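Biologist: I am new to this structure and would like a close look at a single part of it. Please take me through the largest pocket, and then through what surrounds that part.

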Amino acid sequence: MTDSFDDNDAFAAAGLRLTVDLDALVENWRDMAHRSGRARTSAVVKADAYGLGIEDVGEALYLAGARDFFVATADEGATLRLYAPDARIFVLSGIWPGMERVFFENDLVPVIASEEQLTFWMSVLSDYGDYPCALQVDTGFNRLGLPMEDALALADDVSRPASFAPVLVMSHLACGDDPANPMNRQQLEAFRKVSAAFEGIEASLANSAGIFLGPEYHFDLTRPGIATYGGEAVPGIANPMRPVATAEARIIQTRFVKAGETVGYGRAMQLTRDSRLAIVSAGYADGYMRGQSSGGVPLRQTDLPGGHGFIAGHRVPVAGRITMDLTIFDITDLPDNLVRAGDYVELFGSNILVDDAARAAGTIGYEMLTSLGLRHERRYVSEEAEE
């Protein structure tokens with residue numbers, strides 16, 4: 001007799017599991033669309049949709065109405081095309097020789113971000129004819145983008161090929177998450193010049209944080225990323241977004257340890273009381289950052305505490321160093337019969353917010369999400385999809 005198993009069996013049995021709330025994702029995207037006012041709102045799904053899965057996330061946002069998407073690579077764009085059949089998909093890393101086929105076959109729009117790419121793109125147009133692109137301009141970030149003077153000269157160049165017809169001109173804010181930073185206004189004024197020079201072409205400047213800066217920054221198309229996934233766009237203010245991802249790890253073992261004994265590598269933590277510990281099946285190989293350790297790592301050579309998990313209605317601190325596959329939590333303050341092997345600890349989610357977990361590790365929510373790795377059994381939930 002052969003037993004049959006389904007995805008629910010796999011999720012229930014997994015040592016690591018990740019729940020993605022697609023309804024919260026869509027609600028966050030719609031919230032950012034509302035805040036974008038008259039501007040259209042795209043969906044940024046690069047880095048495998050911030051670690052949450054470009055297939056399911058891309059389809060959910062497409063069904064919610066997103067028709068402009070941004071990915072980092074052409075391969076991401078080709079995958080997304082299966083789930084967003086008539087959307088515009090912009091590839092932020094642009095195009096290089098040998099990539100023409102994947103762009104044309106999947107109807108991807110390259111974001112031209114350097115003189116080298118611009119030169120190559122002009123040669124592509126001479127061989128293949130008209131094809132849309134976007135043009136990125138550097139307004140002070142000093143990362144990707146044509147220098148301002150080159151972009152303005154290009155706009156005024158009457159000799160440029162008629163086939164070179166960008167459908168979008170864009171730039172990126174360096175300090176959008178710091179509303180009082182004068183760099184925001186400097187970049188806004190610079191981008192206004194660019195937008196005016198490319199009259200009649202749609203313009204895009206605002207990421208998640210830029211949307212919160214107000215209508216001046218919205219132009220024609222906004223590009224919310226981290227906010228869609230429930231993360232903080234602007235640190236230091238209440239986050240209005242709903243948590244989207246919940247990461248959990250199974251407790252493999254609980255154990256009693258006497259006061260005075262030490263825990264884990266390097267004897268990084270010495271117990272000051274008789275303690276009960278829970279060893280769970282998650283470590284830095286799963287994106288649970290070593291910096292969240294309670295001690296014994298450089299980021300924790302301070303009075304700041306390490307990370308926390310959440311179980312049975314209680315926050316529980318990390319004990320000792322986080323290792324590759326395992327993390328230890330101190331569950332001494334919980335009733336003896338409340339936690340046992342096989343239970344799950346929330347690493348981040350609605351009780352331990354991803355940005356709080358990231359701060360404990362000395363990093364940001366972006367890195368926590370995109371470092372999740374492949375060992376989490378994933379479940380996508382949506383009441384809307386079930387109706």
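**The largest pocket and its surroundings**

Modeller: In this predicted model, domain 1 (21–227) and domain 2 (243–379) each supply at least three residues to the lining of the largest pocket. These two domains are the ones given by the domain assignment of the protein. Their C-alpha centres, those of domain 1 and domain 2, are 38 Å apart. Where the two domains are in contact, domain 1 takes part with ten residues and domain 2 with eight residues.

The space in the largest pocket comes to about 840 Å³. Its lining is made up of 36 residues, and the closest to the pocket centre are Lys46, Tyr50, His172, Asn207 and Tyr366. Four elements give two or more residues to this lining: helix 3 (46–50), helix 10 (208–212), helix 11 (354–360) and helix 12 (365–370). Sorted by class, the lining of the largest pocket has 19 nonpolar residues, ten polar ones and seven charged ones.

Next come the annotated positions. The UniProt record, an unreviewed entry, places the feature "binding site" at Arg143 and Met324. The two positions are spread over 182 residues of sequence, and they are also spread in space, with up to 33.0 Å between C-alpha atoms. Of these residues, Arg143 is included in the lining of the largest pocket.

Arg143 sits in the loop that runs between strand 7 (134–138) and strand 8 (146–147). With a relative accessible area of 54%, Arg143 is over the 50% cut-off and therefore counts as exposed. Apart from neighbours within four places in sequence, Arg143 is in contact with Asp138 and His172. His172 has already appeared above, among the residues closest to the centre of the largest pocket.

The other annotated position, Met324, is also in a loop, between strand 17 (314–317) and strand 18 (327–330). Its relative accessible area is 44%, so Met324 is classed as partly exposed, in between the 20% and 50% cut-offs. When neighbours within four places in sequence are set aside, the contacts of Met324 are Gly283, Tyr284, Ala285, Asp286 and Arg375.

The enclosed spaces remain. Rolling a probe the size of a water molecule over the atoms shows where empty space is left. The structure holds three cavities of 30 Å³ or more.

The largest cavity has about 70 Å³ of space. Its lining consists of Tyr229, Gly230, Pro243, Val244, Ala245, Phe348, Gly349, Leu353, Val354 and Leu369. Eight of the residues lining the largest cavity are nonpolar and two are polar, with no charged residue.

In the second largest cavity there is about 40 Å³ of space. The residues that line the second largest cavity are Phe212, Glu232, Ala233, Val234, Ile237, Ala238, Asn239, Pro240 and Met241. By class, that lining has seven nonpolar residues, one polar and one charged.

To return to the part you asked about: the largest pocket has a lining that draws on both domain 1 and domain 2, and this lining includes the annotated Arg143.

Definitions and conventions. Residues are numbered from 1 along each chain as its sequence is written. This is a predicted model: local features need pLDDT of at least 70, side-chain atom pairs count only at pLDDT 80 or more; totals for chains, interfaces and linings use all residues. Side-chain values use heavy atoms; hydrogens and water are left out. UniProt positions are given in the numbering used here, feature names are shortened, and annotations may be inferred rather than shown by experiment. On a 1 Å grid over the protein atoms alone, a cavity is a set of points where a 1.4 Å probe fits but cannot get out, and a pocket is an open set with protein on both sides within 12 Å along at least five of seven lines; lining residues have an atom within 4 Å of a point. Buried means under 20% relative accessible area, exposed over 50%, partly exposed in between (1.4 Å probe, protein chains only). Contact means heavy atoms within 4.5 Å. Grid points are joined across faces, edges and corners, and a volume is the space filled by probe spheres set on the points. Ala, Val, Leu, Ile, Met, Phe, Trp, Tyr, Cys and Pro count as nonpolar, Asp, Glu, Lys and Arg as charged, and the others, Gly among them, as polar. Domain bounds come from an automatic or database domain assignment.
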